[in-house]
Structures are given as structure tokens and as C-alpha cells.
Amino acid sequence: MNAPRTRPPRFATLLLRACCTPSYREEIEGDLHELFERRAARMGAARAGRRYTLEVWGVCLRQLTSRAGGALRLSRRVRIVLGIVGVLLTMVALLFSSDQHWPTIVGYVILCGLGVLEVLVYVSAFLSSLKALRQPVRGPQPGRPDAPRVRDSK
Amino acid sequence: MELAGAEEWVLMAVVALDEDAYGVSIHDRLSAAGAETSLGAIYTSLERLEQKELVTSRLGEASRSRGGRRKRMYRATPRGRKVLRQTQAARERLLELRPRTS
């Protein structure tokens, strides 16, 4: 007889680790694990695993949209659209949730795409900041106010 | 200071839970109050509240039910409590302004 699964889905945990802010990763993982254990005792490991996966999606989408949105300076409207896409994906997963089912795989692929996009944004921001550092400073110099010069008219 | 809807709920839960406020307990408290919120939304709100210095956090103890991971315990700052009181007072004043139908 198979022993009941007492661990949350491994792939979802890896995904969570990949997209969470490192400073908050431990507690978010712990909170989700605690909820998983409680739900597994109440409703069974399979259903608890599905809820866990959905929660991971929610956390990852929020983290990625807020971080990538902040880096890209996306407008509020674009962030809302991204949020709606996340909610729709979650609803699709809720309807057909199973680790092998295609909506889950599509969701993972989209999350990975968002992750790649975020990395590209950070790399381009880093390169542009390096470029800005190399350029000479063109601001007002000490002792010389940045005002148009007026010639003495004697 | 402006408090978004979810931030206000989360801050209220943190104040109500006092010393025992962390992700799961906040989630439970909000669910019990009929304001079920996803964990993702709770973390986002907590992050923003911490940036606004309305809550502080510290890492708590690890436990087996959490897979050996520690909790992050949250506590409202005096400023956080004040902002919450101001927001609630503003809401009450707004309710007093509604037309009486009786």
C-alpha cells in the first residue's frame, strides 16, 4: 500500500523558490507548508496539494508582476491586466487542477516567461546604470551657479 | 497617509493578533471575519505596510509543521495604529454624512 503523500508538490515548491524575494522566501514557504499540512489532515493530501499549487501560483504571479512592473515602470492599467490574466489562469487551474494537466503546464510556462522577462529587465537596468556612471557629470559646478551668464555692459 | 483596502484589512488583523501575527494567522483571522484573502495578497500588503513603516517584523521560531522554516512575526508600530485609527475615524465620519431615510 502506498504511504500518503505528506509533502507538498515538489515542482510548485521549486517554482516558489525561484520567484520569491530571497528575504521573504523562508517564511512564505513555511506558511504555505503549514497550510498544506493542515489541509492535508482535513481534506486529504491530493486536494491539499492542489490548493498548495494554486497558492504558489498566486504568490508567484503577485511577486513577479509587482517586481517586473516596478522595474519596467508599467502603468497601473497594465499591472491590472496582468493581474486579471493571473486570476483567469488560476480559475482555469481550479477547474482542471491536476499536476499533469495542460493548464497547469501552460501556467508554469507563462510564469517562467515572466521570470525570463524580469531577468532581462534587471540586466538592461544594470547595463544602463553602468553606462550612466561612465558619462561625465554635466551638472552645475561648485561655486558657479547654474544660471545664464550676463555680460557686463559698461 | 493612504491605506489601500487590503492593506487596511491586514493592518487591522495585525493589530488584533498583537504578538501572534504572521502569514497564516492573519489569513485565518481574515477568513474568520468573512474577508477571505489569498496569501499572495497578504504578503504584498505586509511588504507595503513595512515599507510605509506601519508594521515591523522579526523572524520567529521554526517548527516541524512548517517543514523546519521560521515564521516572520509582524507587529503594528505606534504610527501604524494611529493611521488605522485615523482611517476608521474618517470612515465613521463619512457614514454619518449619509442621508437619513427614516
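**Exercise 1. Burial and surroundings of A:Glu27**

Does A:Glu27 count as buried or exposed, and at what relative accessibility?

*Solution.* The model is predicted: local features need pLDDT of at least 70, side-chain atom pairs count only at pLDDT 80 or more, and totals for chains, interfaces and linings use all residues. Residues are numbered from 1 along each chain as its sequence is written, chains are lettered from A and ligands numbered from 1 in the order in which they are written, and side-chain values use heavy atoms, with hydrogens and water left out.

Step 1. Locate the residue: A:Glu27 lies in helix H2 of chain A. Helices (H or I, at least four residues) and strands (E, at least two) are DSSP runs, numbered from the N terminus.

Step 2. Apply the burial classes: buried means under 20% relative accessible area, exposed over 50%, and partly exposed in between (1.4 Å probe, protein chains only). Because its relative accessibility is 4%, A:Glu27 counts as buried.

Step 3. List the contacts, a contact being heavy atoms within 4.5 Å. With residues up to four places away in sequence not counted, A:Glu27 touches B:Tyr43, B:Leu59, B:Arg66, B:Arg70, B:Lys71 and B:Arg72.

**Exercise 2. Two partly exposed residues**

Determine the class of A:Glu37 and of B:Met12, and describe the surroundings of each.

*Solution.* Step 1. A:Glu37 is placed in helix H2 of chain A. Its relative accessibility is 33%, so A:Glu37 counts as partly exposed.

Step 2. Between A:Glu37 and A:Ala48 there are 7.8 Å from C-alpha to C-alpha, at a sequence separation of 11 residues. Not counting residues up to four places away in sequence, A:Glu37 touches A:Thr6 and B:Ser65.

Step 3. B:Met12 belongs to helix H1 of chain B. At 25% relative accessibility, B:Met12 is likewise classed as partly exposed.

Step 4. B:Met12 and B:Leu30 are separated by 18 residues in sequence and by 9.2 Å, C-alpha to C-alpha. Apart from neighbours within four places in sequence, B:Met12 is in contact with B:Leu84 and B:Gln88.

**Exercise 3. Two helix pairs**

Classify the orientation of H2(A) to H2(B) and of H1(B) to H2(B), and state the composition of each contact.

*Solution.* Step 1. Axes are lines fitted to C-alpha atoms, for helices over the stretch in contact, and angles run from 0 to 180 degrees between N-to-C directions. Angles under 35 degrees count as roughly parallel, over 145 as roughly antiparallel, 65 to 115 as roughly perpendicular and the rest as oblique.

Step 2. The axes of H2(A) and H2(B) cross at roughly 55° and come within 8 Å. The two helices H2(A) and H2(B) are therefore oblique to each other.

Step 3. To this contact H2(A) brings A:Asp31, A:Glu34, A:Leu35, A:Arg38 and A:Arg39, and H2(B) brings B:Gly23, B:Val24, B:His27 and B:Asp28. For the classes, Ala, Val, Leu, Ile, Met, Phe, Trp, Tyr, Cys and Pro count as nonpolar, Asp, Glu, Lys and Arg as charged, and the others, Gly among them, as polar. The contact of H2(A) with H2(B) thus sorts into five charged, two polar and two nonpolar residues.

Step 4. For H1(B) and H2(B), the axes come within 9 Å at a crossing angle of roughly 105°. This makes H1(B) roughly perpendicular to H2(B).

Step 5. B:Trp9, B:Val10, B:Ala13, B:Val14, B:Ala16 and B:Leu17 of H1(B) meet B:Ser25, B:Ile26, B:Arg29 and B:Leu30 of H2(B). By class, the contact of H1(B) with H2(B) has eight nonpolar residues, one polar and one charged.

**Exercise 4. The largest nonpolar core**

Identify the residues that touch the most other members of the largest nonpolar core, and the element that gives the most to it.

*Solution.* Step 1. A nonpolar core is a set of buried Ala, Val, Leu, Ile, Met, Phe, Trp, Tyr and Cys residues joined through side-chain atoms within 4.5 Å.

Step 2. The largest such core has 40 residues, of which A:Leu16, A:Ile28, A:Val56, B:Val10, B:Val14 and B:Ile26 touch the most other members. Elements that each supply at least two residues include helix H3 (45-72) of chain A and strand E2 (70-76) of chain B. H3(A) gives the most, with seven residues.

Step 3. Take B:Val10: leaving aside neighbours within four places in sequence, B:Val10 is in contact with B:Ile26, B:Leu30, B:Ile42, B:Ser45, B:Leu46 and B:Leu49.

**Exercise 5. The two chains**

State the secondary structure and the buried share of chain A and chain B.

*Solution.* Step 1. Chain A has five helices and zero strands, and 32% of its 154 residues count as buried.

Step 2. Chain B has four helices and two strands, in the order α-α-α-β-β-α along the sequence. Of its 102 residues, 41% count as buried.
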